[in-house]
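Q: I'm new to this one, so could you start with the charges and then take a close look at what sits in the middle?

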Amino acid sequence: MTASYLRAALGESINVTVIESKRIKTIGVGEATFSTVRHFFDYLGLSENDWMPKCNATYKLGIRFENWRAKGHYFYHPFERLRVVDGFPLTEWWLNKKPSDRFDQDVFLMSEICDTMRSPRYLDGTLFEQDFVERGGSMDLERSTLAEQATQFPYAYQFDASLLADFLTGYATARGARHIEDDVVEVVRDERGWISHLKTREHGELAGDLFIDCTGFAGLLLNKTLGEPFVSYQNTLPNDSAVALRVPHDAEHTRLRPCTTATAQEAGWIWTIPLFERIGTGYVYASDYTTPEEAERTLRAFVGPQAADVEANHIRMRIGRSRQSWVNNCVAIGLSSGFVEPLESTGIFFIQQGIEELVKHFPDAKWDPKLRDSYNRTVANAMDGVREFLVLHYRTAARNDNAYWRDAKTRELPDGLAARLEAWQSKLPTEETIFPHYHGFEPYSYHAMLLGLGGFEAKAAPVLAYMDDSRAAQEIQRLKDQARDIAKRLPSQYEYLAQMH
């Protein structure tokens, strides 16, 4: 991703070399994304038809949370901003009268589209009817970045991360990036402590000006060589392990729901990501509450007979962030920079944000330290904000049936979250009262989780009791009618993707 983006952004003004070991595999389970990932593909000049069929990709309209409130209960956290009536979002009006027990079906279009497993596009390629309007009927975003997220795009993607890595290798090398398959045996520093060159097993010494650490949890350059400390989030987010399966399936006869599903378990949660040719699934858990063997048994039982002959991939996760992601002439991107567990699909979002900010802060020969400091603040703020949002999931989930879920209610909170939770009991989150720095989540996401998880006492604004709610009731009914109508007319996700393939 980094090499591709740098070639697209800076062209031939710099030389880009990727050194990749044949022996060390990519982690390969980053399969779900944010809706903002469209900026990445657009910046590279790639249409969905260019890359989706090659990467086993499907659409993701949101996340379906199952069993977080109680067994058998589910709700959606979609990519969809809330409609506003008389100055108040529909969630406030819903709290005032609670017309049903399913807030997500009353205030979001996406719930019906996910339930009926529709594609977000008609067979002619046009986007379904909602607030986002594609410029000129195309996906051309004019090489925009995360900062230009003026409207909420209605979907993200799910894809085979290994296939995407292979695809982007071809993209980057075709545009002049050098790809070396070799092992780094030594990282050499100069008298200042900066990295001067790498010693490789087969290609000798490889020098450079800027070194980008994409070595994952190992943090070979930033942490091990430069000694940058790692700031753990383990005290607030205990999930530190995962076991994953790649389960084959027949997309035509499988429920190809256009979302990621997160199903709560005894010591964590299981992800289910339907790709075009297989299901990606895994159990994210806290090793203090279960063992790898028990986690694998739980996952296989959850999947059923089709998991019988599938090899399990056990992963130990480093939850937290490097204190600084840019030190001297080394910038860490991806897991070497930080990771905040996979619950809201933020891994690839962090990669994208790190790359975009690197381009915006790219140094010249003077290496202005203010650029580095600004980069570090921006990256750290995003990770700290996501940490807080994820802690919210566990803290306000109504599930309370064992030690894992009970402990989630009393565990230490990140600085500032306790005060925010108290304030939200009187007034649902707004742009002014959520985590104050950019972290990819907007107030509507907080509304979806606080109302869906069931363990938070949310109240409508008192003034609504004095206001005429007829327009809000009409809007809720209009939304539900519109959702049913659109779902009837859209093709299934399988139909649309089969046509693309």
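A: Sure, starting with how charges are counted: Lys and Arg are positive, Asp and Glu are negative, and His and the chain ends are left out. Each charge is placed at NZ of Lys, CZ of Arg, CG of Asp or CD of Glu. This is a predicted model, where local features need pLDDT of at least 70 and side-chain atom pairs need 80 or more, while totals for chains, interfaces and linings use all residues. Numbering runs from 1 along each chain as its sequence is written, and side-chain values use heavy atoms, without hydrogens or water.

On that count, the protein carries 56 positive and 70 negative side chains, and the centres of the two sets are 2 Å apart.

Now for the inside. Of the 501 residues, 57% are buried (under 20% relative accessible area with a 1.4 Å probe, protein chains only). A nonpolar core is a set of buried Ala, Val, Leu, Ile, Met, Phe, Trp, Tyr and Cys residues joined through side-chain atoms within 4.5 Å. The largest one has 146 residues, and Trp51 and Trp68 touch the most other members. Helix 11 (residues 369-395) gives this core its largest share, 10 residues; helices here are DSSP runs of H or I, at least four residues, numbered from the N terminus.

Zoom in on Trp68: beyond its neighbours within four places in sequence, its contacts include Ala262, Trp269, His393, Tyr394 and Trp405, with contact meaning heavy atoms within 4.5 Å. There's also a second, separate core of 10 residues, with Leu198, Phe211, Val327 and Cys330 among them.

Stepping back, of the contacts between residues at least 6 apart in sequence, 75% join residues at least 24 apart.

Conventions. Buried means under 20% relative accessible area, exposed over 50%, partly exposed in between (1.4 Å probe, protein chains only). Helices (H or I, at least four residues) and strands (E, at least two) are DSSP runs, numbered from the N terminus.
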